[in-house]
Each structure stands twice: as C-alpha cells, then as structure tokens.
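I set out to record the metal sites, one pocket and some backbone angles. The entries follow the order in which I looked these up.

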Amino acid sequence: MSVGDYDPYTGQRLTGHEWNGIKELNTPVPKVVWFFLGVTALFAFVYWVLMPAWPLGVTYTKGLLGLDEREIVREKVVEAARQRTWTQRIAQEDYAAIQADAELMQKVRQAGRTLFGDNCAVCHGTSGKGGPGYPNLADKAWLWGGTPEAVAETIRVGINSDHPQTRTSQMLAFGRDQMLDRTAVLNVVAYVQSLSNPALANGPEKDAITAGKAVFEANCVSCHGPDGKGSTEVGAPDLTDGFWIYGGDRQSIFDTVWGGRQGYMPAWEKRLSDVDRKILTLYVLDLGGK
Ligand code: HEC
Ligand code: HEC
C-alpha cells in the first residue's frame, strides 16, 4: 500500500501508516482549529502593537497605548498617601476647621455614609431620620445636645449601654409603678399634647389640660423643665416641638408616661476607632444641613 490509497469504507485518503493491519486515515485538520489559530495569531499581533512587548537591547517596544505598570503603581501610591493625609487631618484638626473645609467634608460624607450604613442605619435608618423608638438625627432636636463634643460623647459611651460612663436615659413608668393614677396620667397626656399644639388649650379638654399642668409641675419639670423644653443633662426630650421619638399621638404619649421609656444605644468606643467616630460625628451633624 502506498500514499494516496483510499480507505474503501470511509472514502478517506490513507496516510500510508499501518500497524498490524490497522491503517491510519488522513483526515484534514478541523476548520475550527484553523479558525482559533488564526484568531490567536491576530490577537498576538494586535497585542504587540498596542502593549509593551519586545525587548530591544536597553529598551523595549512601548506599544501604542503606552501602558506602564510602574506608572500605575506610582499613581496608586500617591492616591494612598492622599487618603492617609485626609484621615490624619480629621484626627488632628478641630471640628470647626473641618466643617469649614468643603473638600474635606466631601470625604467625610463619603466615608460617613458607609460607616453609618454599616453601624447605625439598622436603628436610625439609612438617611438618619429614625423611626418609632429611634430618634431622628437629621432634625435640630437633640436629646443630649447638638454640639460636636456632645454628639461625639453620645457615640463614644452610648445610652443605657454597658459602657462605665454611659449616658443614662430614664423616663419613669409613672402609671405602672403607681406614682400616678390613670386619671392623672390621662390629664398629663392631654397637657403634654397641648405643649406642641397650644390651640388644644381652649378646646373641649380645657379642664383635663389644666389638671394635667398641675401633675406636670409636680412630677415632670425636674427633667423636662418648667416649660417642657427638656434637658440635655438627663436626655429628656423637648415636649414643645413637633419631634417625637415614640410618637406624638395620644396613645403613644400615654404608653410613654404609663410604662416609661429607656432608649438603648450601644457604646462605640471599643467598636470604632477615634477617627471613625469623629467622621460619624461630623456626618451626623451634617445630616440636617446647615
Ligand atoms: C441598637 C440601636 C442603635 C444603634 C445601632 C445606634 N443607635 Fe444611636 N440611638 C439609639 C437610640 C434608641 C437613641 C435614643 C436613646 C434615648 O432615647 O435617649 C440613640 C441616640 C443617638 C444619638 C443622640 C441623639 C440626640 O438627640 O441627642 C446620636 C448622636 C446617635 N444615636 C448616633 C448614632 C450613631 C452615629 C450610630 C452608629 C455608630 C448609632 N447611633 C447607632 C439607638 C441606636
Ligand atoms: C427622671 C427624669 C424624667 C422625668 C421625671 C420625666 N421624664 Fe419624660 N422623659 C425622660 C427621658 C430621659 C425621656 C427620653 C426617654 C428615652 O428616649 O429613652 C423622656 C421621654 C418622655 C416622652 C417621650 C417624648 C418623645 O419624643 O416621644 C414623654 C411624652 C415624656 N417623657 C413625658 C413625661 C411626663 C408627662 C412626665 C411627668 C409625668 C415625665 N416625662 C417625667 C425623663 C423624665
């Protein structure tokens, strides 16, 4: 048998190789192999042209795109150094100086949004507007004071937390603990409602409100103040504004006065670094805008 013979069964040419009567067919290389060979060669060629490729003694072909890994690394190092300096500035400068620097505040907003989303949003909401039981941080009503130092302290030690210096928030359970009877509670609730809505004072509940005022003066002013404007010393909220933690409807206020409230906020001193807490303080103060 010689090259050029045909296989009688398949009609294919034979290569002329034979092993123990087994003859090898001369099947052509599949088209798909040629195709990919072509594509790879083309890719290699385009790659040489565009990217750094061939060594030429002391230099090399730079490629049309001019990409240079060393340049990329250098840029990353510069960027990392810039990142470091902005957190250093946060650590060193005082609140007023940072707040006055628009570029630095931009960084605070970016980093703050992530920190807030990861740690605070579960309770205070993604936009910091709170919800029933969780105060709105974007309004101007502060339980514990709205200076940077006060906010930073609240975040550091928490409220009713396990931190030794925690802020302690105690709204007493006047009804449940039998300091006031049901009528007295209902009256003082009516009075509290009239604080933020003075029109009620001349309405049908006039008498209850008058009676409630006396109850308030005897039981509530020590924390909420004679005019109901609250105190940041004990975290007692201003009852005369329209902001409510637990709700300003009659039932919610009744529940508050009857059963008391002890808001809980974790301490962050051990969980977040000083810089992170400072960023959050600035972020929280920035939430309500100027
Ligand atoms: C487990 C829920 C919870 C988490 C998580 C939480 N808080 Fe609070 N936060 C509260 C509650 C409840 C209060 C109000 C407590 C009270 O009634 O006095 C509060 C109060 C505050 C206050 C005081 C508001 C004021 O009016 O004085 C600030 C500031 C604050 N939180 C910031 C933060 C920041 C920043 C984070 C994230 C690092 C955070 N909180 C995480 C529950 C939470
Ligand atoms: C020992 C101090 C103290 C006394 C006394 C006190 N409160 Fe409070 N009150 C607080 C504190 C602190 C809070 C905030 C509780 C919290 O959020 O954890 C509060 C919250 C409230 C709230 C909820 C406000 C909101 O935004 O939802 C109402 C209403 C209220 N008090 C009414 C009263 C009335 C009425 C009395 C008198 C019968 C009274 N309080 C006496 C400390 C006090």
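Entry 1, iron of ligand 1. I began with H124, which is buried, since its relative accessible area of 9% falls under the 20% cut-off. I note that the model is predicted. I then looked up what H124 binds: together, H124 (NE2) and M265 (SD) coordinate the iron atom of ligand 1, at 2.0 to 2.1 Å. The angles among the six donor atoms run from 86 to 179°, and the site is octahedral. I placed both residues in the fold: H124 belongs to helix α5 (residues 121-124), whereas M265 sits in the loop between α10 (250-259) and α11 (274-287), so the pair ties together parts that are 141 residues apart in sequence. I checked the accessibility of M265 as well; M265 counts as buried, at 15%.

Entry 2, iron of ligand 2. Which residues coordinate the iron atom of ligand 2? I found M171 (SD) and H224 (NE2), at 2.0 to 2.1 Å. The site of this iron atom is octahedral, with angles of 87 to 179° among its six donor atoms. M171 lies in the loop between α6 (148-157) and α7 (182-196) and H224 in helix α9 (residues 221-224), so this pair joins parts that are 53 residues apart in sequence. For H224 I read a relative accessibility of 10%, and I list H224 as buried.

Entry 3, second largest pocket. I recorded a space of about 160 Å³ for the second largest pocket. Its lining includes P135, N136, W142, P237, F243 and W244. Sorted by class, the lining has eight nonpolar, one polar and three charged residues. Where does the second largest pocket lie with respect to domain 2 and domain 3? Domain 2 (74-159 + 266-287) and domain 3 (182-259) both contribute lining residues, so the pocket lies between them.

Entry 4, positive phi angles. I kept in mind that most residues other than glycine have a negative phi. I noted N20, which is not a glycine but has a positive phi of about 45°. N20 lies in the loop between β1 (14-19) and β2 (22-25). N20 is exposed or buried, which? I read a relative accessible area of 83% for N20, which is therefore exposed. I also noted Q178, again not a glycine, with a positive phi of about 55°. Q178 is in the loop between α6 and α7, and Q178 counts as exposed at 70% relative accessibility.

Key
Residues numbered from 1 in each chain as written. Chains lettered and ligands numbered in written order. Predicted model: local features only at pLDDT ≥ 70, side-chain atom pairs only at ≥ 80, totals over all residues. Heavy atoms only, no water. Donors = N, O, S within 2.8 Å, 3.2 Å for Na, K, Ca; no water. Tetrahedral: all angles 85-135°; square planar, octahedral: opposite > 155°, others 65-115°. Helix = DSSP H or I, 4+ residues; strand = E, 2+ residues; numbered from the N terminus. Buried < 20%, exposed > 50% of the residue type's maximum accessible area, 1.4 Å probe, protein only. 1 Å grid on protein atoms, 1.4 Å probe; cavity = no way out; pocket = protein on both sides within 12 Å on 5 of 7 lines; lining within 4 Å. Points joined across faces, edges and corners; volume = space filled by probe spheres on them. Nonpolar A, V, L, I, M, F, W, Y, C, P; charged D, E, K, R; others polar. Domains from an automatic or database assignment.
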